[in-house]
Each structure stands twice: as structure tokens, then as C-alpha cells.
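Trainee: I'm new to this one. Can you walk me through it?
Mentor: Sure. Let's open it up.

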Amino acid sequence: MAYRWTVHRVYDAAGNDTSGPSPLSLWWLARAAAEETLQGSPLATSWLKLFRGHLSASETYWLQWAEDLAQSAELRRTYSGLYGRFTARALLTAHLGFGRFISLGRKGVQVPGSINVERIKPGDIPDWVAWDDRAARHVLCEAKGSLTANDFLGAGPPKCVVEGKAQFDRVHCSGPTGALSP
């Protein structure tokens, strides 16, 4: 199995800030891409082949994509957004144990007999609701990134994370018996 390494930084709600090298399996990435785009993993092998073809040929340890992936700025931004979303989902699954991801769409999502997440304010909302097996509860998840790593290397929470937290305030979550705590 092919692994590449990333610097994984966790800045939690209590203000704990930890970082260090973390493995990322290309298979985890391919499966996350297949689940995200096709709602199933039968074509994960095709994604794996694509990702291997897009990796830097000169860097075999760190996760580094080859050159700019595309000629136009529009396609580079598209690849960056897609690959970032796939990577976030792969890390949430492999490192935190989250599963059963459901996209919130534009207005939220209602899972009959389970959870209801609804937009209550204008603006972007989190990407998914997922199941946390360890805590036996639903969690809201948001993929955030930056075009440069500089934002992630400074002190305090990265700017994109601070801005992304506002998305959680734009939804209300309830279960079959009422409101769920954050």
C-alpha cells in the first residue's frame, strides 16, 4: 500500500494545538474520492490510479502533487478543492474513525428517525454529517484548506479554520427527541 506523509495539525475547541507527521494512504484517499463522488467504493482503484499519476515523481515521501495539475487557473482551483475535500474525508475516516458520511447539501439533511440538520442562516454550511463510532453520536464535518501551507504553520488556529467555524453556527441539529448539543 502506498503512503505519503503530511503534517497533520489538530487545533481543538479546548485550544489544544498538536501537529506532526502523519501517514496518508493513497488507498484511503481513493476510497474517500469514490465514496464522495459515486456514493460507493467500486471505482476506488480508478481513483488510486489517477492520484498516483498526479503525484510528484521527484518527491516520494511527502504528499506532493505534480506541478500544477492543470494549465488553467480554473482547473487548478477545481483540483485543489476536490482533492482537499477527498483528503479531509480520508483523514476524518482513517484518523478519527468517522463513517457513514451524508452531504448536507444547500439546506441541510434529514435522516428519517435519526438526525435533522437544517440551515438557519444564510451562507455556507458544513459539508457533512457523519457517524462517530467511538462516541456513538453524529458529528458535523467541514473540509477546510489553504492554497499555501503558511496559514497552517503560524501560531493559533489557521485563518480558514476560524472562518470555517462560522458555518457550524448556520445550522440547527435535532434528533428524534429534540435539539442536539454542539
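**Salt bridges and other features**

Mentor: Start with R89 and E36. They form a salt bridge, with the closest N and O atoms 2.5 Å apart. Keep in mind that this is a predicted model.

Trainee: Which parts of the chain does that pair link?
Mentor: Distant ones. R89 is in helix 3, residues 73-96, and E36 is in helix 1, residues 26-38. The two are 53 residues apart.

Trainee: Are R89 and E36 buried or exposed?
Mentor: Both R89 and E36 are buried.

Trainee: How many salt bridges does the whole structure have?
Mentor: A search of the whole structure finds 4. Another one joins the side chains of R85 and D127, at 3.1 Å from N to O. This pair also links distant parts of the chain. R85 is in helix 3, while D127 is in the loop between strand 5 (116-119) and strand 6 (128-132). They are 42 residues apart.

Trainee: Why does D127 count as buried?
Mentor: Its relative accessible area is 14%, and buried means under 20%. R85 has 21%, so R85 counts as partly exposed.

Trainee: Got another pair for me?
Mentor: Yes. D133 forms a salt bridge with R100, and the closest N and O atoms are 3.5 Å apart. D133 is in the loop between strand 6 and strand 7 (137-141), and R100 is in strand 3, residues 98-103. That is 33 residues apart. Both D133 and R100 are exposed.

Trainee: Which residues do shared partners join into one network?
Mentor: E36, R85, R89 and D127. Salt bridges that share partners connect them.

Trainee: Back to R100. What is its phi?
Mentor: Near 50°, a positive value in a residue other than glycine. Most residues other than glycine have a negative phi.

Trainee: And why is R100 called exposed?
Mentor: Because its relative accessibility is 60%, and exposed means over 50%.

Trainee: What about A136, what is its phi?
Mentor: About 55°, so to speak on the positive side, although A136 is not a glycine. A136 lies in the loop between strand 6 and strand 7. A136 is exposed, with a relative accessible area of 52%.Trainee: New topic. How much space lies in the second largest pocket?
Mentor: About 210 Å³. The pocket is lined by 13 residues. W28, R31, A32, E35 and T93 lie nearest its centre.

Trainee: Which elements supply at least two residues each to that lining?
Mentor: Helix 1, helix 3 and strand 3. Helix 1 gives the most, with 5 residues.

Trainee: How does the lining divide by residue type?
Mentor: Into 7 nonpolar, 2 polar and 4 charged residues.

Trainee: And on the surface, which residues form a nonpolar patch?
Mentor: V7, Y61 and W62. Together they have about 300 Å² of accessible area. W62 lies in the loop between helix 2 (44-54) and helix 3. At 33% relative accessibility, W62 counts as partly exposed.

Trainee: Last bit, the overall layout. How many helices and strands are there?
Mentor: The protein chain has 5 helices and 9 strands. Along the sequence the pattern runs β-β-α-α-α-β-β-β-β-β-α-α-β-β. The chain has 182 residues, and 32% of them count as buried.

Methods
Residues numbered from 1 in each chain as written. Predicted model: local features only at pLDDT ≥ 70, side-chain atom pairs only at ≥ 80, totals over all residues. Heavy atoms only, no water. Helix = DSSP H or I, 4+ residues; strand = E, 2+ residues; numbered from the N terminus. Buried < 20%, exposed > 50% of the residue type's maximum accessible area, 1.4 Å probe, protein only. 1 Å grid on protein atoms, 1.4 Å probe; cavity = no way out; pocket = protein on both sides within 12 Å on 5 of 7 lines; lining within 4 Å. Points joined across faces, edges and corners; volume = space filled by probe spheres on them. Nonpolar A, V, L, I, M, F, W, Y, C, P; charged D, E, K, R; others polar. Patch = residues over 30% accessible without salt bridge, like charges linked within 9 Å, V, L, I, M, F, W, Y side chains within 5 Å. Areas by Shrake-Rupley, 256 points an atom, 1.4 Å probe, with all protein chains shown as cover.
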